[in-house]
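Visitor: I'm new to this structure and would love a close look at one part of it. Could you pick a helix and walk me through what surrounds it?

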Amino acid sequence: MAEEKRQFQAEVGKLLDIVVHSLYSNKEIFLRELISNASDSCDRLRYAAVTEPDLLAGDADFQIRLVPDKDAGTLTIADNGLGMSHDELIANLGTIAKSGTAEFLGRLTGDAKKDVSLIGQFGVGFYSAFMVAEQVTVVSRKAGEAKGWRWSSDGKGEFTVAEVPEAARGAAITLTLREADKEFLDPFRLKAIVKRYSDHIAIPVRLKDGEADEAINSASALWTRPKAEITAEQYKEFYHHVAHAFDEPWATLHYKAEGAIEYTGLLFVPSSKPFDIFHPDRKQHVKLYVRRVFITDDCEELLPPYLRFVRGVVDSQDLPLNVSREMLQHNPVLAKIRTGLVKRVLGELKKKAEDAEGGYAAFWDAFGAVLKEGIYEDYERRDEILDLCRFRSTAGDGLVTLAEYVGRMKDGQEAIYTITGDDLAALRQSPQLEGFVAKGVEVLLLTDPIDEFWVSAVGKYKAGDREIEFRSVAAAGADLGKVQAPEGADKAKADEAPADELTILIEALKQALGEKVKDVRASERLTESAVCLVAAEGEMSMHLEKLLRAHGQTDKERPRILEINPRHRLIKGLAARVKTAGTGPEIEDAAALLLDQARIVEGEPPADPVAFARRVVAVMERGLV
Ligand code: ADP
């Protein structure tokens, strides 16, 4: 077959551009990336051969070889792993299959400095070869296949693929190094890099230096070594390898479970949020090994989705080596491992949360929204997870725990009050909070989309022997009457519009607004604003409705309750006016404007912007004449 010429997928083109022009002050990590890929490929073949030994064709001696060639100016990284077929070469090295890539690339700014840190969360893997190479050639033969293929590219938009008659099993990646990057031909340099980044790889890495050919890593799986012998640096490098990550691990957990079920866990919590953490597949990312043989990096049973930020490996003593995908489902051994892992991870989080130096706020900022999914998905551990949660609240700028909140509850306060929205600053200004703030009742300010779901699903928080309900302020205005106000803060009845005038005004507003509102009533909660919109008891909050509309899950807009502040000058004025002058266009305009501005404060546009503008002008004109 003749050589085929192909274009990189547009996303790859963009990524390559960034790789070549702005990436990494430490170019040497290209070697770690290629060695990682080679080691993953050997792992995959070793596992495939458990059920299909013929794939090995007698060669089970897995290794990765580095071959620098000074004369040719090339460095080759060769493995005898699974290799890639013709189609896999094209798909794996010509496109980016990672979900969310397009969205991720859209976030890049073109500003090299900012992009570099973003790209760190994404990982460029194979493409990092182009940091040091002007030409990359991959010769690969997939285990079990006869033909080999050569993939080649200068990283400028196109690559070629051609058949090669003779090819060793696995993949050999040959980099034609740029003039400035010839240092990567130096055996000492290569040894140092491997020692630094890839020492823990379980497959031997060998360096060919002239006639000499020696293993340059220790090739024992890191997690099998005693903790005391492993340095922080080695843990970090292993994390980078296993997670394909670039940041520091925020937490490292290494332990051996002994007893009924035996396994070793080496787990990490990243310090920065992976770009795809909110992808709908919610996949977990811990790799499963059985007695040091890699089994899968796609075992959903290992950890629940709400811990999908955890990275690392679990190595089981009890599962059979030839465990199949089907056997992994509903497997009692795995179920026990999972329980153990969840307990350890939550235990570690608790420990870090209690340690003032533990940097828990940074963890919370990155992964709090993920962990919160556990509040309603893991019923048994709900209270434990709630205690790990941190919240913004009206009590200040910092993060608070539920225990702290409960400790500050006022006499007569029945519930933990919450308000949901998408912007913290806007929530702090919400008229719905006014009465709560005036009475010194703390309100949790919830801005993660997930908050809408757990608050309504969870119901209660267990504080000692009490169970305290979560309640949205939007549906809890009446509660305020039961809370003792601080001295002088209680608005006197005398400040209000007279009851008879108020009744007439409310009637007039109802008339004018008709179906647009569910009800109009006097408010307990408002102290500063004239009006606000609230949900009826048991009804979906406005914020949730907005989220659902944004996701096309509802197109309905439910009418809300318009609350008016009987102590507000405007409301008192209107009430007096309606009593003496009756209704008319003026009241109709006022009613429509009050509703529209209550909507605007909630982040909704006026229902009819043109009518809104006309009314504003009319009212301003009346004020002038
Ligand atoms: P990642 O490793 O994060 O998936 P890469 O860009 O490094 O991303 O690699 C893309 C894919 O190419 C890998 O997932 C793997 O399927 C394939 N690949 C890369 N290197 C090798 C190799 N040495 N042997 C076999 N397959 C490889």
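Guide: Helix α10 is mostly covered, with nine of its twelve residues buried. Keep in mind that this is a predicted model. You'll find α10 at residues 360-371. The buried ones start with Y360, F363, W364 and A366, and carry on through F367, G368, A369, V370 and L371. So what does the covering? Among the elements lying over those buried residues are two strands, β10 (249-257) and β11 (263-270), plus β16 (396-400). Helices join in too, including α9 (332-354), α11 (373-377) and α12 (382-388).

Now check the length of α10. Its end C-alpha atoms are only 13 Å apart, though a straight helix of twelve residues would reach 16 Å at 1.5 Å a residue.

For another helix to set beside it, try α2 (residues 29-51), whose axis comes within 9 Å of the axis of α6 (residues 187-198), crossing at roughly 65°. That crossing is right-handed. On the α2 side, the contact is made by I29, L31, R32 and I35, while α6 brings L190, I193, V194, Y197 and S198. Sort the residues of this contact and you get seven nonpolar, one polar and one charged.

One last stop, a single residue: L548 sits in helix α18 (residues 542-550). Is L548 buried or exposed? It counts as buried, because its relative accessible area is 15% and the cut-off for buried is under 20%. Setting aside neighbours within four places in sequence, L548 touches M540, Q553 and T554.

Note on methods:
Residues are numbered from 1 along each chain as its sequence is written. This is a predicted model: local features need pLDDT of at least 70, side-chain atom pairs count only at pLDDT 80 or more; totals for chains, interfaces and linings use all residues. Side-chain values use heavy atoms; hydrogens and water are left out. Axes are lines fitted to C-alpha atoms, for helices over the stretch in contact, and angles run from 0 to 180 degrees between N-to-C directions. Helices (H or I, at least four residues) and strands (E, at least two) are DSSP runs, numbered from the N terminus. A crossing is left-handed if the near helix is turned anticlockwise from the far one by less than a right angle, and right-handed if clockwise. Contact means heavy atoms within 4.5 Å. Ala, Val, Leu, Ile, Met, Phe, Trp, Tyr, Cys and Pro count as nonpolar, Asp, Glu, Lys and Arg as charged, and the others, Gly among them, as polar. Buried means under 20% relative accessible area, exposed over 50%, partly exposed in between (1.4 Å probe, protein chains only). The expected span of a helix is 1.5 Å times one less than its number of residues.
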